[in-house]
Amino acid sequence: TLAMNFLQQGDKKHRAEAEEVTNFLTWRQDKNFVFLGYGEYDRVTKNGKSSFVLNKTTAKGLYRVAADDKGAIERSDQPTVRALFSIQKTTDSSEIHRSGSMDYIALSRMDTKGNIIGEIRILGLFTSVVYYQSTDLIPFIRSKVARILDHSGFDHQGHSGKSLRTIIEFLPRDELFQIGEDELFSMVMGILALELKPQVRMFARTDTFGRFVSCLLYIPRERFSTSVREQVGKILAKAYNGTMGSFYTQMTESPLARLHIIINTTSGAVPLVDTAALEQNISSLVNLWQDALREALVAQFGEDKGATLYQRYAEAFPAAYTNSHTAQSAAFDIRRAEACIQSDGLDLELFRRHDDDADWVHLKCYTTNVDSELSEILPLLDQMGCTVVDVTPYDLAPKNAPALLLRDFTLRVPPLAGVDLS
């Protein structure tokens, strides 16, 4: 069989990887893949130049049919695998089984010394069950995930380890098949950071052959809409000099909605993009934060007082705050800020979010003493048995009112028996 033949080729250096690929090829046959084509490409050298040529005698399915696009990677006369094995999307589309790009599996063919002598290329479609299957059950992906978890250094059974595992499980399977390990590690660690500071984030991956850019965006759920999705698509298409391909949305109980957009591009013409600036541009679009703040203040304080507070605080919050907090949260912080100003210049709020572990709490400290040192507070928290996990400062500048400093602490604390912080 193909799996056994692949395992027996090459040298000892590639043995472990070859075994995982062999397991994948066997898994593929268990109702996980609709086969559409098979081609063996031989490496041929002529006049000092090497190219890959289809062996027509072994071709099956679509590889026995003339190509619609001579430049399609699945028909390329150059190597399409940088290592031993890769999974990509085809350039050509198929109307068989379901419309759209096919899944393209490419395997290096080696001689006994480990030299590349050609490629095996397989065309088809992963079945729908694959897209809901646990990563533990998918060879190639499971080994990639295991290395990512080990690289993180987290205890697999600890809070961060479980959170990271959940993040990976919810990623699109096509992304897990196609993305490199270093890029995947950077992405999932960035997504993990959103648990503490929900905000607009974008993770972009350019296809190996430059045919498209895959963009995963995380957007506050209450600010997500069809209009936002359409405008974000236009921004991305312009930035990457491409056209809107497809999009997928995911809405869960998380405060962030996920938007996955594919921008079709021209190979060799994908511009270098400042992703941080692009992310900020999208953040400015989706926040529409001041409108939401006015509505939240009127809902909480009434029309007259809400309008007055809006005039005072509309420009008071820094971008770091508006990118990571809802307008409803800001309205609550404004209530505490007002109490701080009207009292002795200090106000505290201790609370726990619904998804926090039992030993985690949050402390917000509001003060008009904007020059106060963090070093003055940390010993007090330590004496109370609190471990500071994270602290984020925000400078608030309300109009015609004293400036304030808001520090948002995440604390690990001893059990608080009988204390309700919900």
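I began with strands E13 and E14 and found nine bridges between E13 and strand E14, residues 404-412. The two run antiparallel. The model is a predicted one, which I note here before going further. For a register mark I took valine 391, which stands opposite phenylalanine 409 in E14.

Next I looked up the sheet around this pair. It is open, has four strands and follows the order E11-E12-E14-E13. Its pairing is antiparallel. I then asked which strands sit at the edges. They are strand E11 (346-351) and strand E13 (387-396), each of which pairs on one side only. Ignoring direction, neighbouring strands here are turned by 15° against each other on average.

**Second sheet**

I moved on to another open sheet of four strands, with the order E7-E8-E10-E9. Here too I read antiparallel pairing. The edges belong to strand E7 (201-206) and to E9, and each pairs on one side only. I noted an average turn of 15° between neighbouring strands of this sheet, direction ignored.

Inside it I followed strand E8, residues 212-220, to E10. Nine bridges link E8 and E10 in the antiparallel sense. Tyrosine 218 has arginine 258 in E10 as its bridge partner.

Then I checked which helices touch the sheet. Helix H6 (residues 181-193) packs on it and touches E7 and E8. The direction of H6 makes about 170° with that of E7. Helix H7 (residues 226-239) lies across E7, E8, E9 and E10. I noted that H7 runs at about 40° to E10.

**Second largest pocket**

How much space lies in the second largest pocket? I noted about 960 Å³. Its lining counts 34 residues. Nearest the centre lie Tyr131, Pro172, Asp174, Tyr248 and His260.

I listed the elements that give two or more residues to this lining. They are strand E4 (85-94), strand E5 (100-110), helix H5 (173-178), strand E9 (243-250) and strand E10 (256-264). E9 supplies the largest share, five residues. So I came back to E9, already logged as an edge strand of the E7-E8-E10-E9 sheet.

I also sorted the lining by class. It holds nine nonpolar, 15 polar and 10 charged residues.

**Helices H10 and H12**

I looked up how helix H10 (residues 303-313) meets helix H12 (residues 327-342). Their axes come within 12 Å and cross at roughly 80°. This crossing makes H10 roughly perpendicular to H12.

Which residues make the contact? From H10 I wrote down Leu309, Arg312 and Tyr313. From H12 I wrote down Ile334, Ala337, Glu338 and Ile341. By class, the contact of H10 with H12 has five nonpolar residues, no polar ones and two charged.

**Hairpin E1-E2**

Last, I turned to strand E1 (residues 33-46) and strand E2 (residues 49-54). Six bridges join them, and they run antiparallel. Arginine 43 stands opposite phenylalanine 52 in E2. E1 and E2 form a hairpin, with two residues between them. I checked the turn and found asparagine 47 there with a positive phi of about 55°.

Methods
Residues numbered from 1 in each chain as written. Predicted model: local features only at pLDDT ≥ 70, side-chain atom pairs only at ≥ 80, totals over all residues. Heavy atoms only, no water. Pairing = 2+ DSSP bridges. Axes fitted to C-alpha atoms, helices over the stretch in contact; angles between N-to-C directions. 1 Å grid on protein atoms, 1.4 Å probe; cavity = no way out; pocket = protein on both sides within 12 Å on 5 of 7 lines; lining within 4 Å. Points joined across faces, edges and corners; volume = space filled by probe spheres on them. Nonpolar A, V, L, I, M, F, W, Y, C, P; charged D, E, K, R; others polar. Parallel < 35°, antiparallel > 145°, perpendicular 65-115°, else oblique. Contact = heavy atoms within 4.5 Å.
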